[in-house]
Amino acid sequence: MTRLIEGLFDKYRHSFEEGGSLHWAWPMFEGAETFWLTPPHRTHQGAHVRDPMDMKRLMIFVVYALIPPMLVGMWNIGHQAYLAEGNAAATLVDCVLRGAIAMLPIIFVSYTAGGIAELLFCVVRKHEINEGFLVTGLIFPLTLAPSTPLWIVALAVIFGVVIGKEVFGGVGMNILNPALTARAFVFFAYPKVISGAGVWDVADKAKVIDGYTGATPLLTVSSAAPGTDPVAALNQAGWTWMDMFIGRIPGSMAEVSAAACLVGGLFLVMVGIASWRIMLGCVAGLGMITLVFNAFAGPEASAALALPFHYHLVIGGFAYGAIFMATDPVSAAATNAGRWMYGIGIGALAGLIRVVNPAYPEGMMLAILFMNVFAPLLDYFVVQRSARRRVARLAAQGV
Amino acid sequence: MSGAPERWTMSLHVLKKGLDVPIAGEVTGNIVDLPVPASVSVAPRDLPGITPRILSREGASVKVGTALFADKAQPDLRLVSAAAGEVREIVRGPRRVVLDHVVSVTGDAAESFRQWDLGALKKISRDEARIGLGHGGLWPVLRCRPLDKVPTMGSTPQWILVSATETGPLAPGADLLLGAGDGEALQAGLYVLKALTPGAVAVAVPQGTTHPALANLKDVDVHQFGGPHPSGDPSVQINHIAPPKGNGQVWYARAWDVALIGRLFLEGRYPAQRVYTAAGTGLAAPRAVRTLCGAPIRTITGDAAPGPVRWILGSVLTGQVVDPERWAGFTNRMFTVIPDRAERRLFGWTAPNLGDFSYHRAFLSGFLGAGGRKVMDTGLRGGVRSMVPVGYYRGVVATPDIEPEFLFRSIIAGDLEESVKLGLLDLSMEEAALLTYVCPSKIEFDVILRDGLALYEKEA
């Protein structure tokens, strides 16, 4: 089998190599070949043997980790739609199918439009197709509302790939997380498709029953009357903590289920790809700021101040952001101490924006982008500290 | 060059970071005594810092211990013949660089050097030690961090490390290279080295060693080293014991080479025998042999396995490619021969690769443990990408307080001042090679480090 495929690629290789008629399409050929077979290169300098781990495997494992939140999200889109239409008889399969019809075109458009942009850069720059896009092209659409128009998806993902990544020189060189750059583009350019109460379900508007608001838990909390108990407001809207943990709530497609994100996160930590320091840092930062806010909660104060820590963890995009977005190794801090500070900064800022900023109830995206910008500075301090410690140790130990 | 340090007590260093690459093809069986080879050579190739000035030209007849060439700048630093016979050929490369100085072997007559007894060596003077080593052809077993060059005879090290440990993949250690009866010779060599430094001579031994030659060392500090590779690397050990202060130097040598020094001084004759190993799955039968220093490589390695193979002088991590038709090196005692191909695998980006070793937990073998030694070929095993700092790098760097990503970025940027500050002179080549091995982006950190050190040497 391996020999057969190898022979097939070898047969056509010359057309795509330097001087061949299809040389411009070399990145496509290389991409297709390395999908089937590991590359044929041998070491020619440096260590003679190499570990089998490569970027393709690293990126594809992130995609695997995204499958649980994606599947739960798919089911929830259908579930929310049937709920809005007052259809209690919908089965699991009905829900998943209806969710798939809404979600898959968005993912497909994201991969196609972003992939074409990526490929153009590869062809012009003559480098291999970068598998990092497999992650960006999936992480980004899953943060959108299920009703997002496809042309906005396409526009945003191209913006994310080009402005978020390629203008810096591709994966590894970028400062911001490209998926978040794309999402920020949607948020600032087309705020109506990603905020408010009407966008989080794909229910037939004519069938929506009386009393269904379509508001997300975050919106419910931020619009509760001052002095009221935010937990009671959530319960009144029909959601227990467990509902929000599992993901039976309106929200972005795959952000709704903290439980499914946790499964993906555990997998990523287990295979050693995402930083648990960043994830725990986010939780710690959010915890700290929430405790401070809780202390200021009172009858006159905004209801959001009183929301307990464990509710913050399961609503909005916190879990998804902390596990999949903040841990992007390129835009995150790269030192261990830096990762803690970066995570804590994200958690604290996300809490701050959620509770204090009345214009937009979700702060995770902006918090991560903000800390992306600061990550190099955090690393700088950590690296300088290491260097000072080294010099001091050398002075102390030297003969 | 400050005063003598206080004595270190016997201490144990167990390093946690690092990686033992479980490559198959270990040396098995006893050391094979080879018949006398037809020719031997001294190759300046593995003597960095020495520029040869030929003393014995083609046709000259030489004895064991006759000087073949000296360093251009230091006439007392000589390399000597390991056999008696006639200088057959001086092989030169581009720009007339000497590649091999070949002697055809016809007898075993030997030059005699001054003979010492162990008691007298205790009180040998610095000059007697220097000239004895220089004329006896064994000065170049000494090396100096960070560029691993042969130190100049006029300089003085702060202290000297003698390392009896070896942790590199398939690399031979004290069990093969140091004979059970080498204890006295090693002790004599240590006395000679003690005369070269105002500081201490420290011996690094494997944790829990029972080697008889390492059991009763006197007048030296003993440090035990344990843990994965590179815990056996002298550079890493120097950083854990006492790194050089200021612009000073710390020298190092291997214990088996120091035992040769001892034999030279005790016997008054150049010790020409060496143990070499040939390992790797590219060989028909990996083995250890005893032969003359600088014997033809093929006599040491025996036949290669069928198929294309790569001949490496040294280990798969830091060795260099050699032509098997040439001769063995002066200090490097190992050859590794591995299949030179990139075996292609279906769906490498997701297959569990059960029969494969990986450092990474994204492979079942990395997750569950290696499960024995594996055949490794020269495949790059992935596409070259930009550095993505996932955090794997820190796990294989045993030198403390190094942030590998940032050190290497500063080297790539050519920022010499910053890279020295971040540890350019501290990180060992073995660690850089391990970084290259584990890197999912297939970045060649060892090549970058070598370039950085070359730039440092040029500027400094």
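This report describes the pockets, the cavities, the salt bridges and one buried polar side chain of a predicted model.

## Pockets

The largest pocket encloses about 1,400 Å³ of space. Its lining consists of 50 residues, and those closest to its centre are Arg143(B), Asp148(B), Thr318(B), Gln320(B) and Asn332(B). Several helices and strands of chain B each supply at least two residues of this lining. The helices concerned are helix 5 (234-241), helix 6 (255-267), helix 11 (429-438) and helix 12 (445-459), while the strands are strand 14 (250-254), strand 17 (309-313) and strand 18 (320-321). Helix 12 of chain B makes the greatest contribution to the lining of the largest pocket, giving 5 residues. By class, the lining of the largest pocket has 19 nonpolar, 16 polar and 15 charged residues.

The second largest pocket has a volume of about 740 Å³. Of the 30 residues that line the second largest pocket, Pro146(B), Gly246(B), Gly248(B), Leu425(B) and Tyr456(B) lie nearest its centre. Elements of chain A and of chain B appear in this lining: helix 16 (364-397) of chain A gives two or more residues, as do helix 5, helix 10 (416-422) and helix 12 of chain B. The largest share, 4 residues, is that of helix 16 of chain A. The lining of the second largest pocket divides into 16 nonpolar, 7 polar and 7 charged residues. Within chain B, domain 1 (11-18 + 114-267) and domain 3 (380-459) both give residues to this lining, so the second largest pocket lies between these two domains.

## Cavities

The model contains 9 cavities of 30 Å³ or more. The largest cavity holds about 290 Å³ of space. It is lined by 22 residues, and Met59(A), Gly132(A), Val135(A), Asp328(A) and Pro329(A) are the closest to its centre. Helix 3 (55-84), helix 5 (132-139) and helix 7 (178-189) of chain A each give two or more residues to the lining of the largest cavity. Helix 5 of chain A gives the most, with 4 residues. In the lining of the largest cavity, 15 residues are nonpolar, 5 are polar and 2 are charged.

## Salt bridges

Side chains of opposite charge can pair when their charged atoms come close. Over all chains, the structure holds 33 salt bridges. The table lists three of them, in chain B.

| Acidic residue | Basic residue | N to O distance |
|---|---|---|
| Asp100(B) | Arg326(B) | 2.5 Å |
| Glu128(B) | Arg114(B) | 3.4 Å |
| Glu267(B) | Arg263(B) | 3.3 Å |

The side chains of Asp100(B) and Arg326(B) form a salt bridge. Asp100(B) belongs to strand 9 (residues 98-107) of chain B, and Arg326(B) to the loop between strand 18 and strand 19 (334-339), so this pair ties together parts that are 226 residues apart in sequence. Asp100(B) and Arg326(B) are both buried.

Glu128(B) and Arg114(B) are likewise joined by a salt bridge. Glu128(B) lies in helix 2 (residues 126-135) of chain B, whereas Arg114(B) lies in the loop between strand 9 and helix 1 (118-121), so the pair ties together parts that are 14 residues apart in sequence. Glu128(B) is partly exposed, at 32% relative accessible area, and Arg114(B) is exposed, at 52%.

Glu267(B) forms a salt bridge with Arg263(B). These two residues are 4 apart in helix 6 of chain B, which means that about one helical turn separates them. Glu267(B) is partly exposed, with a relative accessibility of 43%, and Arg263(B) is also partly exposed, with a relative accessibility of 25%.

Salt bridges that share partners also link residues of chain A and chain B: Asp10(A), Arg13(A), Glu33(A) and Arg344(B) are joined into one network.

## A buried glutamine

Gln158(B) is located in the loop between strand 10 (143-144) and strand 11 (159-163) of chain B. With a relative accessible area of 6%, Gln158(B) counts as buried, because it falls under 20%. A polar atom of the Gln158(B) side chain lies 2.9 Å from the backbone nitrogen of Lys245(B).

How values were computed:
Residues are numbered from 1 along each chain as its sequence is written. Chains are lettered from A and ligands numbered from 1 in the order in which they are written. This is a predicted model: local features need pLDDT of at least 70, side-chain atom pairs count only at pLDDT 80 or more; totals for chains, interfaces and linings use all residues. Side-chain values use heavy atoms; hydrogens and water are left out. Buried means under 20% relative accessible area, exposed over 50%, partly exposed in between (1.4 Å probe, protein chains only). A polar contact is a pair of N or O atoms within 3.5 Å; within protein, one must be able to donate a hydrogen and the other to accept it, and residues adjacent in sequence count only if both atoms are side-chain atoms. On a 1 Å grid over the protein atoms alone, a cavity is a set of points where a 1.4 Å probe fits but cannot get out, and a pocket is an open set with protein on both sides within 12 Å along at least five of seven lines; lining residues have an atom within 4 Å of a point. Grid points are joined across faces, edges and corners, and a volume is the space filled by probe spheres set on the points. Ala, Val, Leu, Ile, Met, Phe, Trp, Tyr, Cys and Pro count as nonpolar, Asp, Glu, Lys and Arg as charged, and the others, Gly among them, as polar. Domain bounds come from an automatic or database domain assignment. A salt bridge is a side-chain nitrogen of Lys or Arg within 4 Å of a carboxyl oxygen of Asp or Glu.
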